[in-house]
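Please load the model in your viewer and keep the selection panel open, as the stops below are meant to be followed in order.

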Amino acid sequence: AKANGRNDYCFFESEIDQTIQMRKLVEDELRGAIEGDGLELAYQPIVSADGSKVLAVEALVRWRHPVRGLIGPGEFIPIAEERGLIIPLGESVLRRACTTGARWKDLTIAVNLSALHVLQADFVEVVARILEEAGLDPKRLEIELTESVLVEDPVTAERAINRLRDLGVRFALDDFGTGYSSLLYLRRFAFDTIKIDRTFVQDIDASEHASILLTSIVSLGRTLGRTVTAEGVETSEQQKLLQLMGCTQLQGYLFSKPVSPNEIDGMLRTDVLN
Ligand code: C2E
Ligand code: CA
Ligand code: CA
Ligand code: CA
């Protein structure tokens, strides 16, 4: 029993050891990808409610790993946040999205930034400098934030948001409805757009409750003068309902998955979504 116990202990220790080594490895690789050219941006169109016009594109980051292939942000954004890499990652994404986006003359470029980023002391200056270097009209940038930033430090967040809004930058409250305090923050902060989380959209054709709830969210947003975008639209049934509810912007696989900049060029040329 004693020997067994010792073996168990050793096994346990070496597993922790491996996990720490793994994390260190991933961290080093991720840092390399951020500093080099290991990250790619895919762009997902945001379209008018009737699906006829591309109004904006959302930049979504991917990691092109030499061995593991393409890795989605759900797998590495949390690591970047935990290991102090989210600031350089966010800056790299913002710079690239603004530079690439400048060529799509009439489109809004939506970029996701982490709460930690917005709370940086030099956040406003960094965004302003990137916009200038990229030659992007600040009115064409929309920064998407989840309510976590507002929960953590509402005073600092509000100051940064208002200063950038003075320059013309727009803000979207992302994943609306999934947090605890969305309603409170919707009233207090000057968001131009609310993005209704796709979990609400998924259920609308199946559940009457879901569709009643969604109708209220959309009309609430409209009453407050916000643009309302629905995410995760996958069926034309969902599109019809959302259009009836008064949603003006839709995003989801029904219209397009996230694609390369060249494919966005193609969509704008042919005016065809697919
Ligand atoms: P999000 O901002 O809510 O982005 C929407 C996610 O839903 C994207 O996943 C998108 O590919 C996916 N999606 C779009 N349409 C549909 C649909 O019709 N059905 C379904 N099932 N999914 C759809 P993705 O690209 O894996 O991104 C996941 C999350 O990672 C994003 O959620 C965002 O929170 C975060 N993220 C992505 N890029 C960045 C970035 O550059 N910086 C930061 N900080 N976070 C990012
Ligand atoms: Ca988003
Ligand atoms: Ca979202
Ligand atoms: Ca999300």
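## A strand and its partners

Begin by selecting arginine 64 together with leucine 70, its bridge partner in β3. This is a predicted model, in which local features need pLDDT of at least 70 and side-chain atom pairs count only at pLDDT 80 or more, while totals for chains, interfaces and linings use all residues. Residues are numbered from 1 along each chain as its sequence is written, chains are lettered from A and ligands numbered from 1 in the order in which they are written, and side-chain values use heavy atoms, with hydrogens and water left out.

Widen the selection to strand β3 (residues 69–71), which runs antiparallel to β2 and is joined to it by 3 bridges; strands here are DSSP runs of E with at least two residues, numbered from the N terminus, and two of them pair if DSSP finds at least two bridges between them. The hairpin that joins β2 to β3 passes through 3 residues.

Next, select strand β1 (residues 39–48), which pairs with β2 in the antiparallel sense over 9 bridges. In the hairpin of these two strands, with 5 residues between them, glycine 51 takes a positive phi near 80 degrees. Then add strand β4 (residues 108–112), which runs parallel to β2 and is joined to it by 4 bridges; the pair to display there is alanine 59 and its bridge partner in β4, valine 111.

Colouring β2 by accessibility shows that 10 of its 12 residues are buried, so the strand is largely enclosed by the rest of the structure; buried means under 20% relative accessible area, exposed over 50% and partly exposed in between, with a 1.4 Å probe and protein chains only.

## The calcium ions

Which residues coordinate the calcium ion (ligand 2)? Glu58 (OE), Asn112 (OD1), Glu144 (OE) and Asp174 (OD) do so, at 2.1 to 2.3 Å, where donors are N, O and S atoms within 2.8 Å of the metal (3.2 Å for Na, K and Ca), and since water is not among the atoms, sites may look incomplete. Glutamate 58 lies in strand β2 (residues 54–65) and aspartate 174 in strand β6 (residues 170–176), so that the pair links parts of the chain 116 residues apart. Both glutamate 58 and aspartate 174 are buried. Now show the calcium ion (ligand 3), which is 3.9 Å from the calcium ion (ligand 2), with aspartate 174 coordinating both.

## Into the core

Finally, select leucine 150, whose contacts (heavy atoms within 4.5 Å), leaving aside neighbours within four places in sequence, are Ala157, Ile161, Leu173, Tyr185, Phe189 and Phe191.
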